[in-house]
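Here are a few exercises to work through with the viewer open. Try each task yourself before you read the solution under it.

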Amino acid sequence: MPIALDDRDVRILQILCQEGRISKSELARRVNLSATPCWERLKRLEAQGLIRGYRAEIALARIAPHVTIFVVAELESHRTDDFRIFEQAIARRDEIIACWAIGGGFDYLLQIVTADINSYQRLVDALLGERIGLKRYFTYIVTKDVKADAPPLGHLLGRQDT
């Protein structure tokens, strides 16, 4: 069930999606509140689980060579235990930075970041060796970052002017 948010709550979330390190006083100024009420709203949004964490966007290419790969995966069987086994194996792998259960012909979409294609292949070989129920998979290598934005909160909530 969606949590009711007013325009200031939405604006706080939008700003934090773009600028997670913004100072509390600047956040309060931008949403037209004094510091204490803004801080209270922020704490409430965190307590409600709407803010799951704060992260930095790292310019990974400036730190280390890497490759980003998306993989769609299909499982051999579709029993509850099969999904659990697969998901537990995926959760143990640091290189797999995101995984979504999906509909439409495949079971999962994985986002993987490794040093190179060889390390990706070693990861896949290890997963296949673990017998986690992987029937088939398709690999898509990212060749260029085009866009990675925060979710369009205003649009999703019907508040384009927020």
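**Exercise 1: charges.** How many positive and how many negative side chains does the chain have, and how far apart do the centres of the two sets lie?

*Solution.* Keep in mind that you're working on a predicted model. Start with the count: Lys and Arg go in as positive, Asp and Glu as negative. That gives 23 positive and 22 negative side chains. Next, take the centre of each set; the two centres lie 3 Å apart.

**Exercise 2: overall fold and spread.** Work out the order of helices and strands, then decide whether the chain is a compact globule or more spread out than one.

*Solution.* First, tally the elements: there are 6 helices and 4 strands. Walking along the sequence, you get α-α-α-β-α-β-β-α-β-α. Now the spread: for 162 residues the globule rule gives 15 Å, but the radius of gyration is 20 Å, well over that, so the chain is more spread out than a compact globule. For the dimensions, the C-alpha trace spans about 55 × 40 × 25 Å along its principal axes.

**Exercise 3: surface and contacts.** Find what share of the residues is buried, and what share of the contacts with a separation of 6 or more joins residues 24 or more positions apart.

*Solution.* Begin with burial: 29% of the 162 residues are buried. Then turn to the outside, where the accessible surface comes to about 11,400 Å² and carbon and sulfur atoms hold 51% of it. Finally, filter the contacts: of those with a separation of 6 or more, 66% are between residues 24 or more positions apart.

**Exercise 4: Arg41.** Is Arg41 buried or exposed, and which residues does it touch beyond its sequence neighbours?

*Solution.* Locate Arg41 in helix H3, which covers residues 35-47. Its relative accessibility is 17%, and the cut-off for buried is under 20%, so Arg41 counts as buried. Skip the neighbours within four places in sequence, and the contacts of Arg41 are Asp6, Arg8, Asp9, Ile12 and Leu33.

**Exercise 5: Ala98.** Which residues does Ala98 contact once you leave out neighbours within four places in sequence?

*Solution.* Go to strand E2, residues 96-101, where Ala98 sits. Ala98 counts as buried at 17% relative accessibility. With the sequence neighbours removed, Ala98 is in contact with Leu109, Leu110 and Gln111. Check Gln111 by C-alpha distance: 5.0 Å separates it from Ala98, although the two are 13 residues apart along the chain.

**Exercise 6: rings.** Which residues do ring pairs link into a cluster?

*Solution.* The structure has 3 aromatic pairs. Follow the ring pairs and you'll find a cluster of Phe83, Phe86 and Tyr108.

Terms used: Residues are numbered from 1 along each chain as its sequence is written. This is a predicted model: local features need pLDDT of at least 70, side-chain atom pairs count only at pLDDT 80 or more; totals for chains, interfaces and linings use all residues. Side-chain values use heavy atoms; hydrogens and water are left out. Helices (H or I, at least four residues) and strands (E, at least two) are DSSP runs, numbered from the N terminus. The radius of gyration is taken over C-alpha atoms; the globule rule is 2.2 Å times the number of residues to the power 0.38. Buried means under 20% relative accessible area, exposed over 50%, partly exposed in between (1.4 Å probe, protein chains only). Contact means heavy atoms within 4.5 Å. Accessible areas come from the Shrake-Rupley method with a 1.4 Å probe; for residues, only the protein chains shown count as cover. The place of a charge is taken as NZ of Lys, CZ of Arg, CG of Asp or CD of Glu. Rings of Phe, Tyr and Trp (its six-membered ring) pair if their centres lie within 6.5 Å; planes under 30 degrees apart count as stacked, over 60 as edge-to-face and the rest as tilted.
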